[in-house]
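This report looks at enclosed space, at two helices and at one strand residue. The sequence and the model come first, and the description follows.

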Amino acid sequence: MRTLTFARRMAREILRDPLTVFFGLGFPLLLLLLLTAIQKNVPVALFDLERLTPGIAVFGLAFLTLFAATLIARDRSSSFLQRLYTTPLTGADFILGYTLPLVPMGLAQSAACYAAAAALGLRVTGNILWAILAALPVSLFFIGLGLLCGTIFSDRQVGGLCGALLTNLTAWLAGIWFDVDLVGGWFRRLAEALPFLHAVELGRAALRGDTAGYAPHLWWVLAYTVPVLILAAAVFAGKMRKND
Amino acid sequence: MDGIAAMGLTKRYGDLTAVDALTLTIDAGERFALLGVNGAGKTTTMRMLACLARPTAGDALVDGKSVVREPGAVKARIGLSPQETAVAANLTAEENLLFMAGAHGMGKADARARTGELTEALGLGPILRRRAGKLSGGWQRRLSIAMALISRPKVLFLDEPTLGLDVLARAALWEVIRSLEGVTTVLTTHYMEEAEALADRVGIMAAGRLLCADAPAQLKARTEADRFEDAFLAVVREAGLG
Ligand SMILES: Nc1ncnc2c1ncn2[C@@H]1O[C@H](COP(=O)(O)OP(=O)(O)OP(=O)(O)O)[C@@H](O)[C@H]1O
Ligand SMILES: [Mg+2]
């Protein structure tokens, strides 16, 4: 019940921030439109909606980190968290309360992305549902990262790290607009070691209905998601306990 | 039973002793003001009493419960309005109050009823549906105090409740604080006239130590000062810390 109260507040604060709504939803949809328009004139295989949409969906999810981290960092700097520490809310309430409301937001973001793609001509099949579901572990990864950053960094640092650095990392290393094989070398190895590329490939495989193809990517994503979530929860709980 | 009884309450940060063996009793229902220059240890004292910082040594009973051994029981009895206003900016004033009620585990009906009571008592009606982040400093402070009162605390901590307020807003808040019958209230302030006007007793802190705790009139008499501000300065200088 307390967790729900907390989660509801989190959702409200995020959805009422116009910048959030723009970056989380408007911006990815705009990119989708733009790149599809380019595709119409210069047919490049890469901007195929089948390949592009899962990439844009993951790019949109990267903003979940920014949302979570900003709110948590702001709660810390405004002493709002101190006020809440004098209530019976527990560490688990905080961690779940900060995390859970962003999960449906991530799914809704993906769904909106695929709906827009369908309107632009993406073939509508049942696989789209699987592709949207693929946003679940990816969302959890980005949310966990947000919880971690928001707990450690100030709200200004969070803006730079999660707003600029992470979204750029995702944009460049996820193979959304160009194939990382084209660059090759260390760039490809780095991209393959990080979860962003696998998050996109997971969505692409799901969209193709390629059940054999998505498993390895899912494992890669989970190999980041689970530790990040555990680490974030541990750091938050540790900071809360040591609150001095 | 005392409202608050601190016994040798101490907080050290590395080499720095922020609060040095503070011993003090505050009666139930008393209004107590903590005064002292920047860095004297007022906020740290309050944070220990509110279970936000663990004492390095000593203990305190808040409404009879130990801050060291029974922090859960203490938290159930207190309300805190931090030095920063600490409101949820994108929620309305009303949502902030209902949210705090939920955080305390109050049921829906009770939360609504209590929100109504506090809206009435603190005159929050005109701003109830406005976003907290868009309110003026005075309204935010008032909301912050209402949020601290939502769980019907026996002990209330107000850290600089009138910081940065204009004369009118301050007078309005004084009324609110005076109207809290039966709630043990500890407040900090840098405004001497505020301490004199609101508090049954004032405690003066310097460099982590509590120099004295007395009624404002008695402090003036003892230091042979006409104005309370002069009494404050006399006490701090007497200790060789001014
Ligand atoms: N978390 C902390 N870590 C290290 N030092 C701290 C911490 N909190 C407070 N201090 C130090 O303890 C001393 C007392 O600080 P405190 O905030 O209690 O003073 P204060 O009387 O509330 O001052 P002000 O009037 O400026 O609010 C200061 O020297 C401060 O720098
Ligand atoms: Mg202070």
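## Lining of the largest cavity

By class, the residues that line the largest cavity comprise 10 nonpolar and two polar ones, with no charged residue among them. The model is a predicted one, and it holds four cavities of 30 Å³ or more, of which the largest has a volume of about 80 Å³.

Which helices supply the lining of the largest cavity with at least two residues each? In chain A these are α3 (49-77), α6 (102-120), α8 (135-152) and α12 (195-208), and α3(A) gives the most, with four residues. The lining residues include Pro54(A), Ala57(A), Val58(A) and Leu61(A), together with Ser110(A) and Tyr114(A). Also in the lining are Ala131(A), Ala134(A), Ala135(A) and Val138(A), as well as Ala199(A) and Gly203(A).

## Helix α2 of chain A

Helix α2(A), residues 18-41, has 24 residues that should span 34 Å at 1.5 Å a residue, and the distance of 33 Å between its end C-alpha atoms agrees with that expectation. A kink of about 35 degrees is nevertheless found in α2(A) at Gly26(A), shortly before the proline Pro28(A).

Pro28(A) is itself one of the buried residues of α2(A), a list that also has Thr20(A), Gly24(A), Leu31(A), Leu32(A), Leu35(A), Thr36(A) and Gln39(A). An α-helix has 3.6 residues a turn, so residues three or four places apart point the same way. The cover over the buried residues of α2(A) includes α1 (2-15), α3 and α6 of chain A; of these, α3 and α6 also each supply at least two residues to the lining of the largest cavity.

## Helix α12 of chain A

α12(A), another contributor to that lining, is mostly covered, since 13 of its 14 residues are buried. From its first C-alpha to its last, α12(A) reaches 20 Å, close to the 20 Å expected at 1.5 Å a residue. After α12(A) comes Gly209(A), which has a positive phi, near 75 degrees.

## Leu187 of chain B

In chain B, Leu187(B) is found in strand β8, residues 184-188. Is Leu187(B) buried or exposed? Its relative accessibility is 1%, and because buried means under 20%, Leu187(B) counts as buried.

Leaving aside neighbours within four places in sequence, Leu187(B) is in contact with Phe32(B), Ala33(B), Leu34(B), Met46(B), Leu158(B), Pro161(B), Ile177(B) and Leu198(B). For one of these partners, Ile177(B), which lies 10 residues away along the chain, the C-alpha separation from Leu187(B) is 9.8 Å.

Key. Residues numbered from 1 in each chain as written. Chains lettered and ligands numbered in written order. Predicted model: local features only at pLDDT ≥ 70, side-chain atom pairs only at ≥ 80, totals over all residues. Heavy atoms only, no water. 1 Å grid on protein atoms, 1.4 Å probe; cavity = no way out; pocket = protein on both sides within 12 Å on 5 of 7 lines; lining within 4 Å. Points joined across faces, edges and corners; volume = space filled by probe spheres on them. Nonpolar A, V, L, I, M, F, W, Y, C, P; charged D, E, K, R; others polar. Expected span 1.5 Å × (residues − 1). Bend = angle between axes of the 7 residues up to and from the residue. Buried < 20%, exposed > 50% of the residue type's maximum accessible area, 1.4 Å probe, protein only. Contact = heavy atoms within 4.5 Å.
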